[in-house]
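Subject: A structure for you to look through

Dear colleague,

I am passing on a structure that I would like you to open and turn around before you read any further. My notes on what was found follow it, and I suggest that you locate each residue as you come to its name.

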Amino acid sequence: MLADGFEFNEITYGTLINGLCDAGKTKVAVRLLRMIQHCVFNVKPNVVMYSRIIEALCKEGLVNEACEWYYEMVGNNVEPTVFTFRPLVRALCVAGWLNEAVWMVEEMISKGIYVDLYVFSVLIDGLCKKGMVGEAREVFDEMIKRGCGVSVVACSSLMVGYCLKNEVDEARRLFDAVVGRPDVWSYNVLINGYCKVRRLDDAMKLFYEMWGKNVVPNLVTYNLLVDCVCKCGRVAIAWKVVKTMCESGLAPDVVTYSILLDGLCKEQHLDLAVVLFNQLIKRGV
């Protein structure tokens, strides 16, 4: 097409770069952008081209290269958008470079770019996974202050962070104050927190609360409760939980049975453990 005298414009080149990135041909897309920079005089690389390559590099885990392209873009006076920062913040968090991720968000704010709920949620999740719960709470409060709303993902991530530090009461306060319509994931996070610190009664109360809020417990919910009950030395109650599970239409899986076998053995009910184990073999579990 070029040989026939057809002149490409920003849209044509942008479409090519987008397609190459979608096809996993990021290196070819990079070469094309370099060609535009050095050989095409009527077209300049724009924010769409740069952002698409940055996103592709981030998906491939090439975070350093993605950051270099960001700095080059800014150096060439091409202003980034929220779509430039989204993959960068996520990739930095996945790589564990939380200080750089926080800096990127601060860069967005300094440039007057709207920090959306997605970016805040990704940063909160990354900070909590690194145990930086205090910093995550500051970002969470900033998110609310800026009127971005609250996502269940952001709230659940912060709750996980509190629970990892055994600050279950703080997680519960956040749950009650912020989560408008909690889902089964949010409940499981809090139930797991209670189970971790052996607060079985609180975990069971939350379990019954789920039914009252029309949130149906899943297999994870039941396995968390069965595990907690067994660790508290109350295997008889664990069987009742399993019975409730079956009545709700859920079948115990190999994790459920493994927890029960472990509980029976620790309580010295070896005869019952052997009977259950033989039943499982006959069923092919």
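Tyr 71 has a relative accessibility of 47%, so this residue counts as partly exposed, a label that applies to values between 20% and 50%. Please keep in mind throughout that the model is predicted. Trp 103, with a relative accessibility of 34%, likewise counts as partly exposed.

These two residues bring us to the aromatic pairs, of which the model has 10. The ring centres of Tyr 71 and Trp 103 lie 6.3 Å apart and the planes meet at 55°, and because only angles over 60 degrees count as edge-to-face and those under 30 degrees as stacked, this pair is called tilted. The pair joins distant parts of the chain, since Tyr 71 belongs to helix α4 (residues 63–75) and Trp 103 to helix α6 (residues 98–110), with their positions 32 residues apart. Tyr 71 and Trp 103 also belong to one aromatic cluster, which they form together with Tyr 70 and Phe 85.

A second aromatic pair is formed by Phe 175 and Tyr 187, with 5.1 Å from centre to centre and 65° between the planes, and this pair is edge-to-face. Here too distant parts of the chain are linked, with Phe 175 in helix α10 (residues 168–178) and Tyr 187 in helix α11 (residues 184–196), 12 residues apart. Are the members of this second pair buried or exposed? Phe 175 is buried, with a relative accessible area of 4%, and Tyr 187 is buried as well, with a value of 0%.

Helix α10 also holds Arg 172, which has a relative accessibility of 18% and therefore counts as buried, the limit being under 20%. If its neighbours within four places in sequence are left aside, Arg 172 is in contact with Leu 190, Tyr 194, Leu 206 and Glu 209.

You may like to set another arginine beside it, namely Arg 137, which is found in helix α8 (residues 133–145). Arg 137 has a relative accessible area of 23% and is partly exposed. Not counting residues up to four places away in sequence, Arg 137 touches Leu 158, Tyr 162, Glu 170 and Leu 174. For one of these, Leu 158, the separation from Arg 137 is 21 residues in sequence, while the distance in space is 7.1 Å from C-alpha to C-alpha.

On the surface, Tyr 208, Trp 211 and Val 216 make a nonpolar patch of about 340 Å². Trp 211 sits in helix α12 (residues 200–212) and is partly exposed, with a relative accessible area of 37%.

Two further helices are worth following from end to end. Helix α13 has 13 residues and reaches 18 Å from its first C-alpha to its last, which is close to the 18 Å expected at 1.5 Å a residue. Its buried residues are Thr 221, Tyr 222, Asn 223, Leu 224, Leu 225, Val 226, Cys 228, Val 229 and Cys 230, and what covers them includes α11, α12, α14 and α15.

Helix α15 (residues 254–266) also has 13 residues, and its reach of 18 Å from first to last C-alpha is close to the expected 18 Å. Which residues of α15 are buried? They are Thr 256, Tyr 257, Ile 259, Leu 260, Leu 261, Gly 263 and Leu 264. As you look at this list on the model, it helps to remember that an α-helix has 3.6 residues a turn, so residues three or four places apart point the same way. The cover over the buried residues of α15 includes α13 (219–231), α14 (235–247) and α16 (270–283).

Finally, there are two places where the backbone has a positive phi in a residue that is not a glycine. Gln 268, just after α15, has a phi of about 65°, and this residue lies in the loop between α15 and α16. With a relative accessible area of 59%, Gln 268 is exposed. Asn 77 likewise has a positive phi, near 65°, and is not a glycine. Asn 77 lies in the loop between α4 and α5 (82–94), and at 68% relative accessibility Asn 77 counts as exposed.

With best wishes

Terms used. Residues numbered from 1 in each chain as written. Predicted model: local features only at pLDDT ≥ 70, side-chain atom pairs only at ≥ 80, totals over all residues. Heavy atoms only, no water. Phe/Tyr/Trp six-rings, centres within 6.5 Å; stacked < 30°, edge-to-face > 60°. Helix = DSSP H or I, 4+ residues; strand = E, 2+ residues; numbered from the N terminus. Buried < 20%, exposed > 50% of the residue type's maximum accessible area, 1.4 Å probe, protein only. Patch = residues over 30% accessible without salt bridge, like charges linked within 9 Å, V, L, I, M, F, W, Y side chains within 5 Å. Areas by Shrake-Rupley, 256 points an atom, 1.4 Å probe, with all protein chains shown as cover. Salt bridge = Lys/Arg side-chain N within 4 Å of Asp/Glu carboxyl O. Expected span 1.5 Å × (residues − 1). Contact = heavy atoms within 4.5 Å.
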